Structure formats: structure tokens, C-alpha cells
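Visitor: I have a model to look at and some questions about it. Can you guide me through?

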Number of protein chains: 2
Amino acid sequence: MRRKNLDLATLELVANTFKILAVPVRLLILQQLQNGEKSVSQLCGDIATSQPNISKHLKILYGASLVDKRQVGNSVYYEITDPLVHKLCDLVCSGIQKQLNRKIRVFSTLSKSQPKKSKTGRRVS
Amino acid sequence: MRRKNLDLATLELVANTFKILAVPVRLLILQQLQNGEKSVSQLCGDIATSQPNISKHLKILYGASLVDKRQVGNSVYYEITDPLVHKLCDLVCSGIQKQLNRKIRVFSTLSKSQPKKSKTGRRVS
DNA sequence: TAACTATATAACCATACTATTATATAATGG
DNA sequence: CCATTATATAATAGTATGGTTATATAGTTA
């Protein structure tokens with residue numbers, strides 16, 4: 001599959017999207033929003049950090065068009081704009097999973113070849 | 001589609017992967033490697049930054065298992081470990097594309113409704 | 001072994017970014 | 001109009017990170 005080379009400006013946009021997703025608290029927020037909108041105070045109930053911190057990160061997510069917002073009375077409800085976010089996280093997760101599996105495979109190979117067994121087949125400490 | 005909530009530790013892993021991809025130079029490197037391995041000096045020829053900088057970023061990519069390396073004589077060849085990287089970039093690009101399209105649509109709607117035309121149908125400055 | 005090439009590391013600076021605390025703004029209810 | 005609730009902003013401090021320059025390491029060749 002041939003892929004076009006992106007110019008620096010475009011890569012900077014891409015990098016910027018990744019940067020937005022590179023902060024655990026923001027992923028927590030997006031995770032909380034994955035099944036529908038939530039208000040700031042609801043998010044504060046779910047995530048262990050200060051309210052100003054949550055508001056700040058929401059602002060960043062909003063600035064990147066990753067979430068929309070809508071005000072109802074006193075409250076502001078945020079929701080995810082584009083399911084892209086979850087696709088990205090899923091992909092990364094699957095990548096991490098693969099890496100883990102590789103490590104587990106290596107480890108189990110090592111532990112199969114190394115351990116000395118007694119004649120009964122039981123492991124020996 | 002129901003999705004499991006990831007614990008903080010896992011989200012930190014995910015965030016970390018995103019962080020690695022959040023730097024334009026690193027994306028440039030990965031882009032250069034998308035059609036096969038290249039040595040550090042080849043990368044230096046393609047990317048406008050210092051050799052130590054490239055080596056440093058390669059080390060980071062290697063540490064994250066995003067690239068493998070192999071030494072041949074004096075040179076070290078790096079290659080991409082997992083096509084995941086490009087899938088991620090493609091997704092982000094498509095997201096950016098969608099945003100752009102949205103903006104273009106809005107813009108063209110505005111410019112259709114606003115401009116005053118002269119009786120000849122030409123635009124008026 | 002000396003000179004040369006390729007890559008990696010170290011030290012440094014400048015910048016950017018996150019989390020906290022305190023405060024401001026805005027909507028609601030009495 | 002005041003008190004309360006919900007959200008946003010400002011200021012600060014601490015940390016992390018990218019890029020540069022200089023230097024070290026290691027392989028190659030004469």
C-alpha cells in the first residue's frame with residue numbers, strides 16, 4: 001500500500017492531535033464521555049482531580065474539536081465529536097496488547113527451557 | 001458497541017504511545033521508514049535536523065518498540081516494527097480531513113449567503 | 001596504529017505543559 | 001438582592017522535553 005508523504009505542516013497537525021491524546025487525564029475524560037454527554041460536575045465525580053483541571057482539559061479538547069459542549073442552565077455538558085478518538089485508542093490498545101503478548105511468549109519460552117524439573121514433573125524451587 | 005473502561009495504568013501506557021507520536025520529527029522519521037529500513041545517515045539526509053537529534057529520537061522510538069534496528073558494519077539500520085503506526089497516522093489524517101471539510105462547508109455556505117452581487121452577476125469588492 | 005566515518009551520549013538551554021490554589025464569572029433559587 | 005451552585009480563568013511552581021553543541025564510542029580502511 002503506497003502512502004503519500006505528508007509535508008511538515010500536515011505532520012505538525014497530526015502530531016498535535018497525538019499530543020492532545022497523550023495526557024492520561026484527557027483520556028480519562030474521553031473515556032467517561034464514550035457513552036454520551038456528561039456535565040463538568042459529573043466528570044469531577046468520576047475523575048480524581050480538581051475541577052479547574054478538568055475544565056482546563058475540556059477546553060483543550062474543545063479547542064481541538066474533539067468534544068462539543070452545550071449549556072443547560074448552570075451546567076455545561078460535553079460530548080465527543082468524532083468516534084475517531086475511540087478508534088485511535090482501540091488501535092493503540094491492540095498494539096500494546098500485541099507487545100505484551102510478545103513479551104509473554106518470550107517469557108514463557110524462557111521459563112519452559114530453563115526450569116529444572118524433578119522426576120515427578122513438579123517444579124523445583 | 002460497548003467498550004471496557006481502562007484503568008489508569010493502562011491509560012498511561014496508551015497516553016505514552018500517543019506522546020511518542022506527538023513530535024513532528026519523529027513522525028518524519030517514521031514516514032521515511034514506511035517503505036523499508038534506512039540507516040541513520042540516510043535519515044540525516046532526508047530530515048533537516050542534526051544527527052544527534054535523529055539518534056536521540058530513534059532511541060526513543062526504539063525504546064517504545066516502534067522500530068527495530070540492525071547493525072551492518074559501521075551503520076545502523078532502523079525499520080518499523082508494527083504497521084500500527086501508519087494506521088494511527090492514517091486515522092488522524094482522515095480526522096483532520098473531516099474537520100477541514102466541515103470548515104470548508106461552513107465557509108462556502110457563508111460565502112454563498114453573504115456576497116452582494118451586482119446586476120451583472122459579478123462579485124462586488 | 002592512525003585517520004576517517006557512522007552513531008551514540010552528555011551537558012546545556014529554552015520552552016512548554018500540567019496540577020494546584022485562589023479567584024472570577026454566570027446562572028439559579030430563596 | 002443575596003447566597004449558592006456550576007464552570008471558567010489567572011497566577012504560580014515544578015517538571016519534562018526538544019534541539020544544539022561538543023564529545024565519546026565503535027567500526028573501517030590505509
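What follows is a set of questions and answers on this predicted model.

Visitor: How many residues of chain B are in contact with chain A?
Guide: Contact is counted between heavy atoms within 4.5 Å. On the chain A side, 42 residues take part. The number for chain B is 42 residues.

Visitor: How much area do chain B and chain A bury between them?
Guide: Carbon and sulfur atoms carry 65% of the buried area. The total between chain B and chain A is about 3800 Å².

Visitor: Which residue of chain A forms a salt bridge with Asp82(B)?
Guide: The count between the two chains is 2 salt bridges. A salt bridge needs a side-chain nitrogen of Lys or Arg within 4 Å of a carboxyl oxygen of Asp or Glu. Here the closest N and O atoms are 3.4 Å apart, so the pair qualifies. The partner of Asp82(B) is Lys98(A).

Visitor: Which helix gives the most to the side of chain B that touches chain A?
Guide: Helices H1 (8-20), H2 (24-32) and H5 (84-113) of chain B each supply at least two residues to that side. By class, the side has 21 nonpolar, 11 polar and 10 charged residues. With 14 residues, the one that gives the most is H5(B).

Visitor: What relation links chain B and chain A?
Guide: A rotation of 180° superposes chain B on chain A, with 0.0 Å of shift along its axis and an RMSD of 0.1 Å. This is therefore the relation of a two-fold axis.

Visitor: Which residue of chain B comes closest to the rotation axis?
Guide: The same surface serves both copies, and 100% of the contact residues of chain B recur in chain A. At 2.6 Å from the axis, by its C-alpha, the residue of chain B that comes closest is Phe18(B).

Visitor: How many residues surround DNA strand C?
Guide: Among the closest are His57(A), Gln51(B) and Tyr78(B). By class, the surface near the strand divides into 7 nonpolar, 13 polar and 4 charged residues. The number that surround DNA strand C is 24.

Visitor: Which part of DNA strand C lies 2.7 Å from a polar side-chain atom of Lys56(A)?
Guide: Sugar and phosphate account for 57% of the strand's atoms that come within 4 Å of the protein. Ser55(B), for one, has a polar side-chain atom 3.0 Å from a phosphate oxygen. Asn74(A) has a side-chain N or O atom 3.4 Å from a sugar or linking oxygen. For Lys56(A), the part is a base nitrogen.

Key:
Residues are numbered from 1 along each chain as its sequence is written. Chains are lettered from A and ligands numbered from 1 in the order in which they are written. This is a predicted model: local features need pLDDT of at least 70, side-chain atom pairs count only at pLDDT 80 or more; totals for chains, interfaces and linings use all residues. Side-chain values use heavy atoms; hydrogens and water are left out. Buried area is the accessible area (1.4 Å probe) that two parts lose on being put together, summed over both. Helices (H or I, at least four residues) and strands (E, at least two) are DSSP runs, numbered from the N terminus. Ala, Val, Leu, Ile, Met, Phe, Trp, Tyr, Cys and Pro count as nonpolar, Asp, Glu, Lys and Arg as charged, and the others, Gly among them, as polar. Copies are superposed by least squares on the C-alpha atoms of residues with pLDDT of at least 70 in both. A residue is near a molecule or strand if one of its heavy atoms lies within 4 Å of it. A polar contact is a pair of N or O atoms within 3.5 Å; within protein, one must be able to donate a hydrogen and the other to accept it, and residues adjacent in sequence count only if both atoms are side-chain atoms.
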